[in-house]
Amino acid sequence: QMLLEMVPNLDSYRKVLRAVKEWAVTKGIYSNVLGFLGGVNFAILVAYVCRECPTDDPPALLRHFFRIFSQWTWPEPVTLVPIESVPPKGAPFMPAW
């Protein structure tokens with residue numbers, strides 16, 4: 001739910017996510033079990049693109065998705081919110097990877 005609240009245009013987000021998942025399935029790289037990215041992973045990546053380009057339509061977002069992540073400096077994490085060094089109240093401390 002939190003992820004859906006972060007994207008500026010839910011309809012565009014869903015269309016792009018559907019297209020990215022279809023692309024990954026077609027290429028045979030949609031599988032957490034085999035070490036590839038899965039549903040939640042792709043959802044986070046698409047949300048990142050939607051937040052970076054909030055006024056773009058789905059075709060433009062899809063182009064940005066492939067451009068951004070083909071040039072990403074892996075293993076730099078893709079974050080939607082800043083990494084906090086202090087956990088929320090009541091949560092145990094767990095260092096960021």
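# Notebook: a four-helix model

I began with alanine 43, which is buried because its relative accessible area is 9% (buried is under 20% relative accessible area, exposed over 50%, partly exposed in between, with a 1.4 Å probe and protein chains only). I am working from a predicted model, in which local features need pLDDT of at least 70, side-chain atom pairs count only at pLDDT 80 or more, and totals for chains, interfaces and linings use all residues. Residues are numbered from 1 along each chain as its sequence is written, and side-chain values use heavy atoms, with hydrogens and water left out.

**Entry 1: overall layout**

I looked up the secondary structure and found four helices and zero strands (DSSP runs numbered from the N terminus; helices are H or I of at least four residues, strands E of at least two). Along the sequence the pattern reads α-α-α-α. I noted that the C-alpha trace spans about 40 × 35 × 25 Å along its principal axes. Of the 97 residues, 29% count as buried. The protein exposes about 7000 Å², and carbon and sulfur atoms supply 61% of that area (Shrake-Rupley method with a 1.4 Å probe; for residues, only the protein chains shown count as cover). I also took down the contacts between residues at least 6 apart in sequence: 50% of them join residues at least 24 apart (contact means heavy atoms within 4.5 Å).

**Entry 2: alanine 43 and glycine 39**

I placed alanine 43 in helix α3. Leaving aside neighbours within four places in sequence, I found alanine 43 in contact with Leu3, Tyr13 and Leu17. Its C-alpha is 9.2 Å from that of valine 20, and the two residues are 23 apart along the chain.

Glycine 39 is also in helix α3. I listed Lys21, Tyr30 and Asn32 as what glycine 39 touches, not counting residues up to four places away in sequence. From glycine 39 to leucine 17 the C-alpha separation is 9.0 Å, across 22 residues of chain.

**Entry 3: how α3 meets α4**

At what angle do α3 and α4 pack? I read about 110°, with the axes 9 Å apart (axes are lines fitted to C-alpha atoms, for helices over the stretch in contact, and angles run from 0 to 180 degrees between N-to-C directions). The two helices are therefore roughly perpendicular (65 to 115 degrees; under 35 is roughly parallel, over 145 roughly antiparallel, the rest oblique). By class, I have ten nonpolar, one polar and no charged residues in this contact (Ala, Val, Leu, Ile, Met, Phe, Trp, Tyr, Cys and Pro are nonpolar; Asp, Glu, Lys and Arg are charged; the others, Gly among them, are polar). On the α3 side I listed Phe42, Leu45, Val46, Tyr48, Val49 and Cys50, and on the α4 side Leu61, His64, Phe65, Ile68 and Phe69.

**Entry 4: aromatic rings**

I found nine aromatic pairs in the structure (rings of Phe, Tyr and Trp, its six-membered ring, with centres within 6.5 Å; planes under 30 degrees apart are stacked, over 60 edge-to-face, the rest tilted). Phenylalanine 65 and phenylalanine 69 make an edge-to-face pair, at 5.3 Å centre to centre and 65° between the planes. Both sit in helix α4 (residues 58-70), four residues apart, which is about one turn of the helix. I checked their burial: phenylalanine 65 counts as buried because its relative accessibility is 4%, and phenylalanine 69 because its value is 10%. Ring pairs link Trp23, Tyr48, Phe65, Phe66, Phe69, Trp72 and Trp74 into a cluster.

**Entry 5: serine 12 and threonine 55**

Serine 12 is in helix α2 (residues 10-27). I have serine 12 as buried because its relative accessible area is 6%. Asp56, Pro58 and Leu61 are in contact with serine 12, leaving aside neighbours within four places in sequence.

Is threonine 55 buried or exposed? I have threonine 55 as exposed, because its relative accessible area is 77%. Threonine 55 lies in the loop between α3 (39-52) and α4. Its C-alpha is 8.2 Å from that of proline 8, with their places 47 residues apart in sequence.

**Entry 6: serine 31 and proline 75**

I found serine 31 in the loop between α2 and α3. Serine 31 counts as buried because its relative accessibility is 16%. Not counting residues up to four places away in sequence, serine 31 touches Phe36 and Leu37.

Proline 75 is in the segment after α4. I noted that the peptide bond from tryptophan 74 to proline 75 is cis, with omega near 10°. The C-alpha atoms of serine 31 and proline 75 are 19 Å apart, for residues 44 apart along the chain.
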